[in-house]
Every structure is written in C-alpha cells, then in structure tokens.
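Trainee: I am new to this structure and would like a close look at a single part of it. Could you choose one strand and take me through its surroundings step by step?

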Amino acid sequence: MVKGVILDIEGTIAPLSFVKEVMFPYSKERLEKFLRENWEKPEIKRIIEETESILGKKLSLEEAIETFKKWIDEDKKITPLKELQGYIWEEGFKKGELVAPLYRDAYEKIKKWKEKGIPVYIYSSGSVKAQKLFFSHTNYGNILDMFSGFFDTRIGSKKESQSYRRILKDINLKPEEVMFISDNPEELKAAEEAGIKVFQAVREGVEPSSEFEQIRSFEELKI
C-alpha cells in the first residue's frame, strides 16, 4: 500500500520547456545585475564561499558571474548555483514575471492525495527555496500546503540510490510504501535500487524508457 509519494518537477508535473526556456534564461539574464547589487549580503557571500570550495580557489565578482553563467549553460546540478537562482527567481515570482504552469492532471491528483491523507514530497535539483517559490506562484495559485516536504541536492544527487534512502529515513516510510515519479531514467533507476516503486512520466519532450512502467497522465495512477 502506498503511504507516500515523491515527485520530480520538470517534465513530470510541469513542462520541461518552462524551466529550460523560461526560468533558466530569466536567471542568466539577471545574474550579473543581481550579483553586483547583492555581492556583500551574507547569504550571497555564503553561496560564493561554497562555490569557491567546490572550485578550490577564490573568486572575484567577475569570475563568479562567468562561472555561474557557464554552469547555467551546462545545466549543472550544483547546489550553490541552484540557491543563487532561487534568489533571482524569487524576485521574478514576486513581481509576477514568473508563473509556474502545472499540468492539470498532476494538480488534480496531488489535490486528491492531500484529501486522502497521503503525503506528497518534492525532490528536485532546484533548491528548496526555489521549489517553494514555484509552488506558491502557480497557475492554480499558492499550493504549498498540498505538500508535506521538499528535498534538493543537499540530501544528495538524484542519480544516487543513497539519496532516496536518506529521504525514506527522513519521512519515516519503508521503500515499499513509497512511489516516485520522474521523467529521468537515471533518477528512476536510483530510486528503484533503493526499493521504491517508480513510474516514468512521459510528457512532451521526454524520451520514453523501456526499463520502467510509464504514465502519460497522472490519471493513470490508481492510488
């Protein structure tokens, strides 16, 4: 019996195109101005220090700008980049320049799970801050209360089974009690290795994998 659901975001409950064609370009276009205006703030200094630790060297403002832009172009799943993007996206969501588009079938199913008392968790490479911004500014309004928790790369890579074991421990559920849905086969493989039941969401722009059971709509899920 499923007692908890873990969901990916892009390509699963929201279009891949929104993240890649809207959110990423938005953060890249505003990154330089944002860093110049906020360079001395403690939360930004912490992000820069973490980046310096990863690179093994000190960074000037110009070098930091160049590094983050390069990582955005390369779609790097690096925690300090995701946290920085979260701050930039925060401005966009609050100004109404960004609105997160959810698939209707996903929204309706999450709503039903909430009503049935089945906890739903988000596990995304985007920071928890960015996730909460995303779900508080959707085309269905603020739906943060529909989720029981959020996880990002601070708990580990989405492509490593140990990350899913840590989540299971955190949410206090057994592997066989949890379902994970994502568009990414590498993530699904890692979750499956942790004993979790998985489904591949095959949305627009997603390549189906014969290794996993697939759904094209959350309406196909029976729980």
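Mentor: What follows looks at strand 4 and its surroundings in this predicted model. Strand 4 covers residues 178-182, and five of its five residues are buried. Taken face by face, Val178, Phe180 and Ser182 lie on one side, while Met179 and Ile181 lie on the other, and all of these residues are buried, which leaves both faces of the strand covered. The general background to this division is that in a regular strand the side chains alternate between the two faces of the sheet.

Now consider the sheet to which the strand belongs. Six strands form an open sheet in the order 3-2-1-4-5-6, and the pairing is parallel. Strand 3 (149-151) and strand 6 (214-215) stand at the edges, each with a single partner strand, so one side of each has no neighbour in the sheet. Strand 4, by contrast, has strand 1 and strand 5 beside it in the order of the sheet.

On one of these sides, strand 1 (residues 4-7) and strand 4 pair in the parallel sense over four bridges, and here isoleucine 6 has phenylalanine 180 of strand 4 as its bridge partner. Strand 1 also pairs in the parallel sense with strand 2 (residues 120-123), over three bridges, and there isoleucine 6 stands opposite tyrosine 121 of strand 2. Helix 5 (residues 104-116) packs on the sheet, where it touches strand 1, strand 2 and strand 4, and its direction makes about 150° with that of strand 1. Helix 7 (residues 161-171) packs on the sheet as well, touching strand 1, strand 2, strand 3 and strand 4, with a direction that makes about 150° with that of strand 2. Strand 4 is thus named among the contacts of helix 5 and also among those of helix 7.

On the other side, strand 4 and strand 5 (residues 197-201) pair in the parallel sense over four bridges, and methionine 179 has lysine 197 of strand 5 as its bridge partner. These two strands also belong to a unit with a helix: strand 4, helix 8 (residues 185-193) and strand 5 make a right-handed β-α-β unit.

To draw the picture together, strand 4 is a mostly covered strand that pairs in the parallel sense with strand 1 and with strand 5, and helix 8 joins strand 4 and strand 5 in the right-handed unit.

Note on methods. Residues numbered from 1 in each chain as written. Predicted model: local features only at pLDDT ≥ 70, side-chain atom pairs only at ≥ 80, totals over all residues. Heavy atoms only, no water. Buried < 20%, exposed > 50% of the residue type's maximum accessible area, 1.4 Å probe, protein only. Pairing = 2+ DSSP bridges. Right-handed = clockwise from strand over helix to strand, strands pointing away. Contact = heavy atoms within 4.5 Å. Axes fitted to C-alpha atoms, helices over the stretch in contact; angles between N-to-C directions.
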